[in-house]
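Thanks for coming. I have one structure to go through this morning, so let's put it on the screen.

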Amino acid sequence: MLIDARGLGCPKPVMMAEEEISKIGEGMVDVLVDNEAAVKNLSRFASKNSLYAETEKIDNYWRVRLVKGYPYETGSELGVQSSALKKETEKDILLIVGTDALGKEEGLGKILIKGFFETMKVTKEIPHTIFFLNAGVKLTTTDTEIIPLLKDIEAMGVEIYSCGTCLKHYNLEPELKVGHRGTTNHIVEGIKDFKKTVWIG
């Protein structure tokens, strides 16, 4: 079964995949998507539903193969980047950042938020995921002092997402410098999946 979800934002590709997977006892469903957020969301869906997930980059889009009900051997000749289903790292903290400055005084607030991420980097006290929304998306797009810090934090294993609707609102979609475009689906899932959700701003 092939689902062409290119051009569709999340959670639509996941919903389409879930509908087709629910119809079969065993088999494969291939989903074509054109953004990394959809790839990650499909991989999470597979993990939660005991499916095998395999991802292949093809030109400017991805094929995510979901396998249900029986073992599946990958074809190395395809140059496929794949990974067997494995337990996700423990989801301890989801950090949601909804501002580009801490507090009401903007000048001081920008110093404080930089200090916050610097401290996170140095102490290595990191959350599992950081989701930026509202004015917070300026930190992942135009703030030249914060972006290098966030790249270092991402390199430590932190998943970073910026709200797609917010990027569009501020006309910053082409400016994303770190992490991936995300959706409110990350927040909704976080309420259930993470041990703790922390909001800033």
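C166 has a relative accessibility of 14%, so it counts as buried, the cut-off being under 20%. C163 is buried too, with a relative accessible area of 7%. I should say that this is a predicted model. How many disulfides does a search of the whole structure find? The search comes back with zero.

Now the protein overall. There are six helices and ten strands in its secondary structure. Of the 201 residues in the protein, 44% are buried. The accessible surface is about 11000 Å², and carbon and sulfur atoms account for 52% of that surface. As for contacts with a separation of 6 or more, 71% of them are between residues 24 or more positions apart.

The element I want to spend time on is helix α4, residues 146-155. Which residues of α4 are buried? They are I146, I147, L149, L150 and I153. These residues lie on the same side of α4, because the arc they cover around the axis is only 160 degrees. The general background is that an α-helix has 3.6 residues a turn, so residues three or four places apart point the same way.

What do the buried residues of α4 pack against? One partner is a helix, α3, at 106-123. The others are β7, at 129-132, and β8, at 159-163.

Last, what comes after the helix. α4 is followed by G157, and the phi of G157 is positive, near 110 degrees.

That is what I have for today.

Conventions. Residues are numbered from 1 along each chain as its sequence is written. This is a predicted model: local features need pLDDT of at least 70, side-chain atom pairs count only at pLDDT 80 or more; totals for chains, interfaces and linings use all residues. Side-chain values use heavy atoms; hydrogens and water are left out. Buried means under 20% relative accessible area, exposed over 50%, partly exposed in between (1.4 Å probe, protein chains only). Helices (H or I, at least four residues) and strands (E, at least two) are DSSP runs, numbered from the N terminus. The arc is that of the directions from the helix axis to the C-beta atoms. Contact means heavy atoms within 4.5 Å. A disulfide is a pair of cysteine sulfur atoms within 2.5 Å. Accessible areas come from the Shrake-Rupley method with a 1.4 Å probe; for residues, only the protein chains shown count as cover.
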